Amino acid sequence: MQAVIDTSSATSGHALTYAAAVKDGAPDPRSALPSATRLLFVTSEMGDFIKAGGLGEVSSALPRQLRALCDVRVLIPGFRKVRAAKPAMDIVAQLPRTASLPPWSLGRFNTPDGLTIYAVLCDELYDREGSPYGPFAGGDFSDNDIRFARLSLAAAEIAAGEADPNWKPDIIHVNDWPSALAPGYLRWKGLSTPSILTIHNLAYQGLYQPARMSALGIPDLAFSVNGAEFHGKISFLKTGIYYGSHVTTVSETYAREITTAEHGCGLEGLLKTRMDEGRLTGIVNGIDDSWTSPIAGEKAPTRLIRQWKQKNATDIRQTFDLPQSRGPLFSIISRLVHQKGIDLSIEAAETIIANGGQLIVTGRGEPRLEDAIERLARQNPHAIAARIGFDDAEARRIFAASDFLLMPSRFEPCGLSQMYAQRFGTLPIAYRTGGLVDTIEDGLSGFLFSSPTGAGLTSAVTRALQAFKTKRAFKQMREHAMAKRFDWARPTHRYADVYARALAA
């Protein structure tokens with residue numbers, strides 16, 4: 001079947017122009033951040049090679065944006081897929097074992113668009129099938145503490161000038177728990193290099209037993225409330241929060257939420273202190289230009305938008321063996337896990353069906369929720385279709401085809417799907433939390449609800465169904481959503497400001 005939308009990646013077209021960075025009155029970030037600044041961006045996944053979620057997308061896009069402002073290099077583990085993508089790379093240095101962290105080599109190569117990548121080469125840790133964190137069948141690798149301590153210490157060794165004699169960063173930017181020991185290693189090595197930690201999801205903290213301190217090369221003095229200790233365990237994430245120069249997270253609302261007991265995962269006290277000190281900042285992620293419909297930004301007439309959506313809807317219904325219908329098409333494009341409110345969507349399905357709607361679900365996750373979704377589809381073959389698994393190109397086709405996206409996440413640090421949906425003229429229906437609040441305008445570009453229950457979601461679905469029946473209102477919402485901008489210009493200059501402040505401090 002002929003695809004109706006262009007599903008090609010745009011990772012090579014991320015260069016940030018001066019005009020884009022300062023549009024809408026935004027300050028010129030280069031006035032605060034010296035262009036000669038050397039930045040090491042440390043991540044456990046990168047969409048160019050291997051990803052498990054939004055971090056991989058951000059790690060592919062943000063460093064490319066930052067190249068216009070500073071000298072940025074990315075540090076990633078030398079996973080099997082990284083080695084396969086670049087079987088021949090320069091070996092910059094070979095470094096010895098530290099504690100139980102194996103010896104490693106620093107590889108260096110450039111992507112086709114010129115971004116410099118450092119790879120931590122250590123096959124005994126990274127040459128495996130699976131995601132960055134565990135086997136494809138699920139769970140975590142049993143030695144993840146060693147694997148990601150090795151990544152974190154490698155960042156500190158590069159900062160110390162021990163790995164690449166020709167390049168040493170002025171600042172390092174680490175992401176989530178897998179690289180969050182790096183600010184600690186910097187401090188324990190006596191280095192003053194500033195470090196930024198971005199929290200993409202506070203729920204994942206990297207907790208290990210204190211008996212692992214010696215193996216990880218963590219000094220005994222660090223195992224305290226003013227250090228790496230968290231309720232009797234080592235916390236990689238708390239280490240980064242405590243020792244880092246500045247903490248960012250991926251939306252302004254989530255930054256406030258994580259300073260509360262409800263969303264702080266036990267770290268709310270420390271995070272509240274960082275906020276009071278001016279050292280916690282929320283910055284909403286961007287999305288790249290490939291997430292733009294072929295007719296967006298051209299002030300396309302209503303008729304053309306309607307025809308484009310209808311064509312995609314006809315094709316995706318055929319793909320998923322759903323009967324053609326004039327009713328609304330809803331979708332779920334998500335990990336099928338409790339956090340994402342999949343159980344709430346199942347409750348709301350009855351209302352969708354009763355009003356002539358259909359629902360397409362794609363994703364994978366918890367077996368009980370996968371089973372529940374498949375059972376729902378078997379019971380309602382005329383209205384619900386499900387595919388357990390994920391294909392990026394197909395997901396884009398579903399976004400392009402749908403009228404509404406169900407996204408009732410119980411918490412959502414930023415979320416990308418609601419931004420993708422709006423750019424494709426699909427109105428998101430979401431719980432009022434985190435980045436969903438910051439990127440969806442209730443009643444204008446989507447629908448928000450305030451109670452994380454099936455009844456709360458159903459009330460928002462009912463509002464959406466009413467809008468769908470009111471053709472003029474629905475048209476206006478769709479066109480408003482498609483006109484919104486979620487590019488990286490504003491987030492990039494805000495990160496540059498954070499870097500400049502950390503360097504100045």
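The following exercises, with worked solutions, concern two sheets, one pocket and two annotated domains in a predicted model.

**Exercise 1. Determine which strands stand at the edges of the six-stranded sheet, and describe the helices packed on that sheet.**

Step 1. The strand order of this open sheet is β15-β14-β13-β16-β17-β18, with parallel pairing.

Step 2. β15 (384-388) and β18 (447-449) each have a single partner strand, so one side of each lacks a neighbour in the sheet and both are edge strands. From one strand to the next, the twist averages 15°.

Step 3. At one of these edges, β15 runs parallel to β14 (residues 358-363), and five bridges join the two. Within this pair, I360 stands opposite A385 of β15.

Step 4. Helix α12 (residues 342-354) packs on the sheet and touches β13 (329-333), β14, β15 and β16 (404-407). The direction of α12 makes about 170° with that of β13. Helix α13 (residues 367-379) also packs on the sheet, where it touches β14 and β15, and its direction makes about 145° with that of β15.

**Exercise 2. Work out the arrangement of β8, β9 and β10, and state how helix α8 lies across them.**

Step 1. The three strands form an open sheet in the order β8-β10-β9, and their pairing is antiparallel.

Step 2. Since β8 (207-208) and β9 (229-230) each have a single partner strand, one side of each is left without a neighbour in the sheet.

Step 3. Two bridges pair β9 with β10 (residues 233-235) in the antiparallel sense; I234 in β10 is the bridge partner of E229.

Step 4. Helix α8 (residues 236-243) lies across β8, β9 and β10 and runs at about 60° to β10.

**Exercise 3. Characterise the lining of the second largest pocket.**

Step 1. The volume of this pocket is about 550 Å³.

Step 2. Its lining comprises 21 residues, and R306, Q310, F468, K471 and R478 lie nearest the centre.

Step 3. The elements giving two or more residues to the lining are α11 (302-319) and α18 (471-483). The greatest contribution, eight residues, comes from α11.

Step 4. By class, the lining divides into ten charged, six polar and five nonpolar residues.

**Exercise 4. Give the helix and strand content of each of the two annotated spans.**

Step 1. An unreviewed UniProt entry annotates residues 39-272 as "domain: Starch synthase catalytic". This span is 29% helix and 22% strand, and its end C-alpha atoms lie 27 Å apart.

Step 2. UniProt, again in an unreviewed entry, places "domain: Glycosyl transferase family" at residues 326-475. Here the span is 47% helix and 19% strand, with end C-alpha atoms 15 Å apart.

How values were computed
Residues numbered from 1 in each chain as written. Predicted model: local features only at pLDDT ≥ 70, side-chain atom pairs only at ≥ 80, totals over all residues. Heavy atoms only, no water. Pairing = 2+ DSSP bridges. Helix = DSSP H or I, 4+ residues; strand = E, 2+ residues; numbered from the N terminus. Contact = heavy atoms within 4.5 Å. Axes fitted to C-alpha atoms, helices over the stretch in contact; angles between N-to-C directions. 1 Å grid on protein atoms, 1.4 Å probe; cavity = no way out; pocket = protein on both sides within 12 Å on 5 of 7 lines; lining within 4 Å. Points joined across faces, edges and corners; volume = space filled by probe spheres on them. Nonpolar A, V, L, I, M, F, W, Y, C, P; charged D, E, K, R; others polar. UniProt positions renumbered as here; feature names shortened; annotations may be inferred.
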